[in-house]
Amino acid sequence: MRESEAELGDEDLDFERLHLMGEDLPEVLRRAAHAGVNRMIVTGTSVAATRAAIDLHTGDPTRLFATAGLHPHHAADLSPAVLDELRDLAASPGVGAIGE
């Protein structure tokens, strides 16, 4: 990249919104790349969403990265087991941040 170029990224692409895109996801990613958005962080808002975000990273490891976390809407799900699982998931390749 030249010094005069800036790379764009989306830092709040949560899995729930991506899941709603379904089969449109490849087209969404294509349009993002066309618009210059070259990297995105998929926000893990629960254990399941964190796993899914990591899976998305595995499928597109140069553009999609994950967070491991629990959204406040899921606070009732918090337990020592959930914390342990999120801690393990946070150590996965492609997880770039901890927290929702």
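A66 has V95 of β4 as its bridge partner. β3 and β4 run parallel and are joined by 3 bridges. With α4, these two strands make a right-handed β-α-β unit. The model is predicted.

**Overall layout**
- The chain holds 4 helices and 4 strands.
- Their order along the sequence is β-α-α-β-α-β-α-β.
- The chain has 100 residues, and 37% of them count as buried.
- Among contacts with a separation of 6 or more, 76% involve residues 24 or more positions apart.
- About 6,400 Å² of the chain is exposed, and carbon and sulfur atoms supply 56% of that area.

**The two sides of α4**
- V82, L86, L89 and A90 are the buried residues of α4.
- These four sit on the same side of α4, because they cover an arc of only 100° around the axis.
- The general rule is that an α-helix has 3.6 residues a turn, so residues three or four places apart point the same way.
- The other side of α4 carries the exposed residues P80, A81, R87 and D88.
- Cover for the buried residues of α4 includes α3 (47–59), β3 and β4 (95–98).

**The nonpolar core**
- The largest nonpolar core has 19 residues, and M40 and L64 touch the most other members.
- Two or more residues of this core come from each of α2 (25–34), β2 (37–43), α3, β3 and α4.
- In soluble globular proteins, nonpolar side chains tend to be buried together.
- Which residues is L64 in contact with, leaving aside neighbours within four places in sequence? They are L29, M40, V42, L56 and H57.
- M40 thus appears twice: M40 is among the contacts of L64, and M40 and L64 touch the most other core members.

**The loop before α4**
- A75 lies in the loop between β3 (64–68) and α4 (80–90).
- Is A75 buried, partly exposed or exposed? A75 has a relative accessible area of 46%, so A75 is partly exposed; the exposed class needs over 50%.
- The C-alpha atoms of A75 and S46 are separated by 9.3 Å. Along the chain, A75 and S46 are 29 residues apart.

**Points to keep in view**
- β3 pairs with β4 in parallel, gives two or more residues to the largest nonpolar core, and helps to cover the buried residues of α4.
- α4 belongs to the right-handed unit and also gives two or more residues to that core.

Key:
Residues numbered from 1 in each chain as written. Predicted model: local features only at pLDDT ≥ 70, side-chain atom pairs only at ≥ 80, totals over all residues. Heavy atoms only, no water. Buried < 20%, exposed > 50% of the residue type's maximum accessible area, 1.4 Å probe, protein only. Contact = heavy atoms within 4.5 Å. Areas by Shrake-Rupley, 256 points an atom, 1.4 Å probe, with all protein chains shown as cover. Arc of directions from axis to C-beta. Core = buried A, V, L, I, M, F, W, Y, C linked by side-chain atoms within 4.5 Å. Pairing = 2+ DSSP bridges. Right-handed = clockwise from strand over helix to strand, strands pointing away.
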